[in-house]
Every structure is written in C-alpha cells, then in structure tokens.
Amino acid sequence: MHLRSIVLLIPLAFASPALAQPRAPGEVAYQEGRKAYDLREWDKAIEKFKEAYRLRSDAPSLFNIAQSYRLKGDCGEALGFYKTYKRNFPTAPNVSAVDKFITEMETCAKEQAAKQPPPPDPAQPKPVPETQPIERVEPMPPRDQGKGKRTAGIVLGIGGVAIVGTGFVFGVIAKGKADDVTAGGNPNDPPEFDGSLDDSGKRFDLFAKISWGVGGAAIVGGVVLYMMGRSASTSEVAITPTNGGAVFAWGCAF
C-alpha cells in the first residue's frame, strides 16, 4: 500500500510545474498575430507582431511584419521591414527568399509612388477657388394698394368739374331762352309769349340741373376715392343719375 502511493504521486510531481508556468507576453502577442494573419486581418496582425517583436526581438515576428505589409499591398513598408530583417538576421535560412521579396517590393514601391500625385510646392501660393459672384437682389418695394383709388378719384373729380361746367353752360342758355320768351319787338308794346322758346328753355334748365347734380356727385365721389386711396381702405362708390339730379352711395369697410 505504501509503494502504490509513491508511484501515483510521481507523475503529479512532474506535471505540476508545467501546468503552473504561464506563457511569456511576447509569445502571447505572437500567437494573437498568427491568428489575425490566418484571418487575413493584416492591420491587427501587424500590430500584434510588432508588439511581440518589442518584447523579444525575434526573427519570426520581424519577418511576419514584412509579410503582412506585403500581403496588405503596402510595398514601401514591406520593403523597409524586409531590409531590416536581412540586416538583423543575415544568416537566417530564408535570406534568399527575402532577397527575392526585396526585389519585388522595390519595383512595386516605384509603381505605387508614380501613381501618387506630387506633393504641393510650399513656395507656390495655394490656388484660390473660384467663386461665383453673388448677385444682389434688391427687395421689391411694397405695393401701393391705394394708388388705383387715388387715380380714379382724380379722374372722377376732373370729370365732375367738367360736368358742372357744362351745367353752367346749360343754365346760361336756359336763362337766355327765358329772356327771349318775354322780349317784344317794341319796348312800348306788350310782350308776346313764344311757346317753343319756353319749351327749349325748360329743357336746357333741366339739363343744367342734371349736370350740376351729376357733376357735384362726381366731385364728391372723386374726393372720397382719393382719401380712401391715401388710407388704403376698401370702399365702394356708386353714382346713379336721376331725373333732376343724381344719387350718391358710398360704402366703406375699414
């Protein structure tokens, strides 16, 4: 029983140190870089391989940095790391392959550089972008809402004055007809009545009264329209001629 216990404890004694020993940080970073490399995640692989190389400066990490840049398509960075690898590890077994990669990356880097636009010359002033001139648009003046009313008022007032003047002419003619009706050939003879002259005088007298009424209403309406135009109010004016005068109506809404 005692011998069996010793035999069982011996494997445990050899296994315990291996299980308790953790991996070095450089190895952890290198394995993470290998995993990203296998997944073709080149930027992450480059980051992890650089971290591993900082911690242990080994040949595999540096070589894999150059490989990741080459597969990513960055020929300039790949060329630089291949040359660094050859300089630091000149007796490595894969130096001949590295020389081949260096030749390829030199050609590729030149082609990529030729496709890049030349850097701007600091001595040359920067071109000022052309800008279209801004067309200045003057604001439209506010519309004069009462201009039409003022114009109509002036025209109506002038027309009213003309009609009133015509009425005075008719009145003068009517008075002349009335004088002719009562005038006689001899001043000592009694006057003779002329019916036709009397009818004519009455017509001219009627025309004069109508003209005075219509003309006066037109003058008043013109004044009202002009004043409403000045105040830009809404109104309506109606003048209806009648026998012997005119009817004037004014409606206004403020």
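## The chain as a whole

Helices and strands are taken here as DSSP runs, with at least four residues for a helix and at least two for a strand, numbered from the N terminus. Counted that way, the chain of this predicted model has eight helices and two strands. Follow the sequence from start to end and the pattern reads α-α-α-α-α-α-α-α-β-β.

How much of the chain is buried? Of its 254 residues, 25% count as buried. The surface that the chain exposes comes to about 18300 Å², and carbon and sulfur atoms supply 61% of that area. Contacts can also be sorted by how far apart the partners sit in the sequence. Among contacts with a separation of 6 or more, 54% are between residues 24 or more positions apart.

## Helix α5

Let's look at one helix. Helix α5 covers residues 75-88. At 1.5 Å a residue, its 14 residues should span 20 Å, and its end C-alpha atoms are indeed 20 Å apart, so expectation and model agree.

Which residues of α5 are buried? They are C75, A78, L79, F81, Y82 and Y85. The cover over these buried residues includes α3, α4 and α6.

G76 also lies in helix α5. Buried means under 20% relative accessible area and exposed means over 50%; G76 has 39%, so it is partly exposed. Leaving aside residues up to four places away in sequence, G76 touches A109 and Q112. The C-alpha atoms of G76 and T107 are 9.8 Å apart, although 31 residues separate the two along the chain.

## Helix α6 and its two sides

Helix α6 runs over residues 95-115. The same kind of check works here: its 21 residues should span 30 Å at 1.5 Å a residue, and the end C-alpha atoms are 30 Å apart, which agrees.

Where do the buried residues of α6 lie around its axis? The residues in question are V95, V98, F101, I102, M105 and A109. Looking down the axis of α6, they fall within an arc of 110°, so they line one face of the helix. On the other side, S96, K100, K110, A114 and K115 are exposed. Both α4 and α5 are among the elements that cover the buried residues of α6.

## How α4 meets α6

Now turn to the pair α4 and α6. These helices pack at an angle of about 35°, and their axes are 12 Å apart. Their crossing is left-handed.

Which residues meet where these two helices pack? From α4 come F63, Q67 and R70, and from α6 come V98, F101 and M105. V98, F101 and M105 are also among the buried residues of α6.

## Two loop residues with positive phi

Two residues deserve a look for their backbone angles. R40 is not a glycine, yet it has a positive phi of about 60°. R40 is found in the loop between α2 (25-38) and α3 (42-56). Is R40 buried or exposed? With 61% relative accessibility, R40 counts as exposed, because the cut-off for exposed is over 50%.

S57 is not a glycine either, and has a positive phi of about 50°. S57 lies in the loop between α3 and α4 (59-72). At 43% relative accessibility, S57 counts as partly exposed.

How values were computed. Residues are numbered from 1 along each chain as its sequence is written. This is a predicted model: local features need pLDDT of at least 70, side-chain atom pairs count only at pLDDT 80 or more; totals for chains, interfaces and linings use all residues. Side-chain values use heavy atoms; hydrogens and water are left out. Buried means under 20% relative accessible area, exposed over 50%, partly exposed in between (1.4 Å probe, protein chains only). Contact means heavy atoms within 4.5 Å. Accessible areas come from the Shrake-Rupley method with a 1.4 Å probe; for residues, only the protein chains shown count as cover. The expected span of a helix is 1.5 Å times one less than its number of residues. The arc is that of the directions from the helix axis to the C-beta atoms. Axes are lines fitted to C-alpha atoms, for helices over the stretch in contact, and angles run from 0 to 180 degrees between N-to-C directions. A crossing is left-handed if the near helix is turned anticlockwise from the far one by less than a right angle, and right-handed if clockwise.
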